[in-house]
Amino acid sequence: MADRCDPASPNVSVATVEGIQLTTPQELHPSSLPPPGSRDRWPWLQRLRRTTSLLLEPWLAAIETGQIQPEPDLMAALAPHVDRTAAGRLLAWWLATPQADPALLQQIGQWRDPTFAAQLRRALEDGPPERVRWLLPLLGHQREPVDFPLLRRWVLGPHATPCRRAALEGLALGLPSWPLARLRPLLRSLAADLDGGLAGSAVDLLARLPGARRDLALLDGPRLDPAVQARRLRRLAALPAQPLVLVVHGRSGGIIPPELERLRAELEARRGVPVALHGLTAAAPPDPGPLRAAAGGRPLTLIPLLLLPGGHVCSDMPDLAGAWRASGPVLRLPFLGAWRLWQQALRDEAAALAAADGGRGGGNGRSRPLLLHHPLNSAVGARYLAHLERHCAVRGLATPYSAADSEEQLALLRSPDQPAALPLVLATNRLTEALPPRCGPALLQRPRVRDCLLDLLAALP
């Protein structure tokens, strides 16, 4: 394309494109652009922006040859006239001009086009970090799923903080396009990053995903930076919660231990919706009416606060979930003992007991705390207990709840040579009442464990 002035029409700029003659008023030609600071510049640029017959080629050529500088006000006026071809040329000029203003990219990078995206990828392959940081958000704006691995590498790699933050901005701009199965664990990992700004942004992005309460619940709050944890709690408070049904074992006659009732009341206050306790030993389940009314057509969340995969989990829970479904939709979660963060809380509690115990019990691993659990006879139960022993660095000890059956174990626990013990019991029951004082209370009477459980339940959808 070439442009020239027609001697017969001194006020018209003429350009030829494949033999077709195009005209632009001379007053809107680059040669007529008032300089920065001129009082004539703003109204001139307004006319440039509003014209419907602008020939863009003279402007692109003037920028590429250095005749004019792409000042922000000029680029804002040209923006309505820029097409994908012009955007590609402007990007190529920016990449070839070390002193080019990064602000220009915000105006030329609004196009979504496969050719433009490919141009960005090539530039990211060998570009210097100080320039790459401006290109990563543009790549995210293209919303091409194939770019997720590239942005992921930049945000996780050993790069300068501005580059990592720019890659996360790219992920934010293309958020609906990335595979959720890979995006969720990435953002959860970034929420614990040492860069507080990056971690806080990751929490904000998690809050924008479908089912955000669950994603935020999987974050380990105590291990987050305090400012990031506060941000997480604010995001959780802004998301609507569903009514909960906590399935607990209970005591004979359907009696609910006080620890569980206090947990329920505090959880209900934090979530702002009803929370019910369903005792397995109770004669009848709670009235579903108030819970259904609060749910507003959404499912009730059924949570087995059971710690082992025994008969209640494997046999009773399916039937119980079916009974609740008779009154409406139900979301049934896995039993509490299977939750990763709950197992982490048990590990932390066992580690604190081991540290306080001072290695009592001799060698050969016997100094590990004892985990007192209800006997399990199934293969599933055996595998679960073996996992818990490894994960929590404890030794499992089957301890029947009947005082007569547990007499031998109780005598063992009273011995001063035995290591510390942790009852795998949520609330006070016959076992904890029969244990010697050195074994300590049930789990809900241990502040560290109780706080963890309360945080997990409060963060549920």
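**Close-ups of helix H14 and a pocket**

**View 1. The second largest pocket, with H12 and H17 in its lining.** Helix H12 and helix H17 (340-357) each give at least two residues to the lining of this second largest pocket. We're looking at a predicted model: local features need pLDDT of at least 70, side-chain atom pairs count only at pLDDT 80 or more, and totals for chains, interfaces and linings use all residues. Residues are numbered from 1 along each chain as its sequence is written, and side-chain values use heavy atoms, leaving out hydrogens and water. The pocket's volume is about 280 Å³, counted as the space filled by probe spheres set on the grid points. Its lining (residues with an atom within 4 Å of a point) runs to 13 residues, with Arg214, Leu218, Leu333, Trp339 and Leu460 closest to the centre. By type, that's eleven nonpolar, no polar and two charged.

**View 2. Helix H14, end to end.** H14 takes in residues 258-271, 14 in total, and its first and last C-alpha atoms lie 20 Å apart, close to the 20 Å expected at 1.5 Å a residue. Right after H14 comes Gly272, with a positive phi near 75°.

**View 3. The two sides of H14.** Buried here (under 20% relative accessible area, 1.4 Å probe, protein chains only) are Glu259, Leu260, Leu263, Arg264, Leu267 and Arg271. They sit on the same side of H14 because their arc around the axis is only 135°. Over on the other side, Arg262 and Ala269 are exposed, meaning over 50%.

**View 4. What covers H14's buried residues.** The cover includes helix H12 (212-217), strand S4 (244-248), strand S5 (275-279) and helix H21 (447-458), with contact meaning heavy atoms within 4.5 Å.

Technical notes
Helices (H or I, at least four residues) and strands (E, at least two) are DSSP runs, numbered from the N terminus. The expected span of a helix is 1.5 Å times one less than its number of residues. The arc is that of the directions from the helix axis to the C-beta atoms. On a 1 Å grid over the protein atoms alone, a cavity is a set of points where a 1.4 Å probe fits but cannot get out, and a pocket is an open set with protein on both sides within 12 Å along at least five of seven lines; lining residues have an atom within 4 Å of a point. Ala, Val, Leu, Ile, Met, Phe, Trp, Tyr, Cys and Pro count as nonpolar, Asp, Glu, Lys and Arg as charged, and the others, Gly among them, as polar.
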